[in-house]
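Grab a pencil and work through a few short exercises on the structure below. Try each task yourself before you read its solution.

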Amino acid sequence: MQLNKKSKIFIAGHKGMVGSSIVRHFKKRGYKNLFFINRKSLDLIDQKKTYLSIKKIRPDFVIIAAAKVGGISINNDQKGKFIYENIMIQTNLIHSSFLAGVKKLIFLGSSCIYPKHSKQPIKEEYLMTGKLEETNDSYAIAKIAGFKMCEAYNKQYKTNYICLMPPNLYGPNDNYNLKTSHFFPALIAKTHQALRNKTKMIKIWGDGTPKRELMYVDDLADACEFFLKKKTNHSLINIGSGEEKSILGYCKFIIKKLNTSLKITFDKKKPNGTPRKKLDTSLAQKYGWKSKYNLNKGFDLTYKDYIKKIKS
Ligand SMILES: NC(=O)c1ccc[n+]([C@@H]2O[C@H](COP(=O)([O-])OP(=O)(O)OC[C@H]3O[C@@H](n4cnc5c(N)ncnc54)[C@H](OP(=O)(O)O)[C@@H]3O)[C@@H](O)[C@H]2O)c1
């Protein structure tokens, strides 16, 4: 079935940063039949309830934006939860979708599941060619299992389940809790707090050298629509912005954007994580997709949302 404005689309994780962006995007583009269920009514770890809910909706398309997600600290501290919850959520959703006759589904991986010391830029074929970053190996193993499940179902059952691999994301509705957040929202929150508290100093984790590719979340929502529409014969597709800086570079960028000057210090006892994870997006480009937001524009939209969030 071709994606059209009347297609029934089930979005799992619609309240998260990515899920809410996908809902905004599809609503704006005029899709009329979007389905989502609140976590209180459906815990996606529950296999039977997940199956019954999907069977009742009978969606044409499914997008999986539900997952247990977080930055380096919580990934490292809650390895058990990360592997269990992610494997359960994705397995329940992928298998229930298959049983309900869903032919096309999008699952989300992440650049952080490629090998820690992968060749750069990272091509899809480098997955599982080396050791994982130890602070997020539980999350990575779960996500690799999700991709492998999509690939296996495509081979055995002739489905078209695609795993999109985005880099670090940021945007409206991000998580700014310093204990659980990713590096970029943490840098925004720390810089804002330093300004508010007039401390004139900001401390960042590690030595600031790791490089990160960052993509505005609405680009991912756009890619979800694009690849639901597109006939593809790949189960794994990298998507990215090409925008890359060191952690220190991003910190300086935010300080400059907020028109201030802060002393940057380093907490070198904290882990650096993977040194670099720049995605090779030539496959996505061959299909005709490319990112639309640059960091400057994405940051302005994100910071506006952050200020609204902390004021409410
Ligand atoms: N953020 C990034 O930088 C990034 C980068 C690459 C890939 N991704 C991928 O993008 C996807 C979404 O990430 P995100 O940043 O949007 O995370 P998020 O903001 O934490 O959103 C995750 C969503 O999943 C829901 N969820 C978690 N466990 C659930 C359960 N047991 N039952 C029902 N719902 C559950 C959460 O519900 P509640 O709101 O009720 O908790 C939330 O709505 C993930 O697959 C992630 O791997 C994210």
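## Exercise 1: The cavity

Strand β8 (residues 211-216) gives three residues to the lining of the largest cavity, the largest share. Before going on, note that this is a predicted model, where local features need pLDDT of at least 70, side-chain atom pairs count only at pLDDT 80 or more, and totals for chains, interfaces and linings use all residues. Residues are numbered from 1 along each chain as its sequence is written, and side-chain values use heavy atoms, with hydrogens and water left out.

**Task.** Find how many cavities of 30 Å³ or more a search of the whole structure gives, and describe the lining of the largest cavity.

*Step 1.* Get the terms straight. Strands (E, at least two residues) and helices (H or I, at least four) are DSSP runs, numbered from the N terminus. On a 1 Å grid over the protein atoms alone, a cavity is a set of points where a 1.4 Å probe fits but cannot get out, while a pocket is an open set with protein on both sides within 12 Å along at least five of seven lines; lining residues have an atom within 4 Å of a point. Grid points are joined across faces, edges and corners, and a volume is the space filled by probe spheres set on the points.

*Step 2.* Count: the search turns up one cavity of 30 Å³ or more. The space in the largest cavity is about 30 Å³.

*Step 3.* Look at the walls. Among the lining residues are Tyr170, Leu214, Met215, Tyr216 and Tyr293. By class, six are nonpolar, three polar and two charged (Ala, Val, Leu, Ile, Met, Phe, Trp, Tyr, Cys and Pro count as nonpolar, Asp, Glu, Lys and Arg as charged, and the others, Gly among them, as polar).

## Exercise 2: A pocket

**Task.** Work out which residues are closest to the centre of the second largest pocket.

*Step 1.* Start with volume: the second largest pocket has about 370 Å³.

*Step 2.* Now the centre. The pocket has 19 lining residues, and Met1, Lys103, Lys104, Asn160 and Lys231 are the closest to its centre.

*Step 3.* Sort the lining by class: four nonpolar, nine polar and six charged residues.

## Exercise 3: Following the rings

**Task.** Trace the ring pairs that involve tyrosine 153, starting from phenylalanine 98.

*Step 1.* A pair of aromatic rings is described by the distance of the centres and the angle of the planes. Rings of Phe, Tyr and Trp (its six-membered ring) pair if their centres lie within 6.5 Å; planes under 30 degrees apart count as stacked, over 60 as edge-to-face and the rest as tilted. The whole structure has 18 aromatic pairs.

*Step 2.* Phenylalanine 98 and tyrosine 153 make an edge-to-face pair, 5.3 Å centre to centre with 75° between the planes. This pair links distant parts of the chain, with phenylalanine 98 in helix α4 (residues 79-99) and tyrosine 153 in helix α5, 55 residues apart.

*Step 3.* Check accessibility (buried means under 20% relative accessible area, exposed over 50%, partly exposed in between, with a 1.4 Å probe and protein chains only). Phenylalanine 98 is partly exposed at 22%, and tyrosine 153 is buried at 13%.

*Step 4.* Move on to tyrosine 157. Its ring centre is 5.1 Å from that of tyrosine 153 and the planes are at 85°, so this pair is edge-to-face too. Both tyrosine 153 and tyrosine 157 are in helix α5, four residues apart, which is about one turn of the helix. Helix α5 covers residues 137-157, and tyrosine 157 is partly exposed at 32%.

## Exercise 4: The nonpolar core

**Task.** Find which element gives the most residues to the largest nonpolar core.

*Step 1.* A nonpolar core is a set of buried Ala, Val, Leu, Ile, Met, Phe, Trp, Tyr and Cys residues joined through side-chain atoms within 4.5 Å.

*Step 2.* The largest core has 38 residues, of which Leu93, Ile94, Leu105, Ile113 and Leu127 touch the most other members. Elements that each supply at least two residues include β1 (8-12), α4 and β4 (104-108). Helix α5 gives the most, with seven residues.

## Exercise 5: Backbone oddities

**Task.** Locate the cis peptide bond, then describe phi at lysine 198 and lysine 200.

*Step 1.* The bond from glutamine 120 to proline 121 is cis, with omega near -15°. Proline 121 is in the loop between β4 and α5.

*Step 2.* Lysine 198 has a positive phi near 55° without being a glycine, and lysine 200 has a positive phi of about 60°, again not a glycine.

*Step 3.* Place them: lysine 198 is in the loop between α6 (183-196) and β7 (201-205), and lysine 200 also lies between α6 and β7. Lysine 198 is exposed at 69%, and lysine 200 is exposed at 61%.
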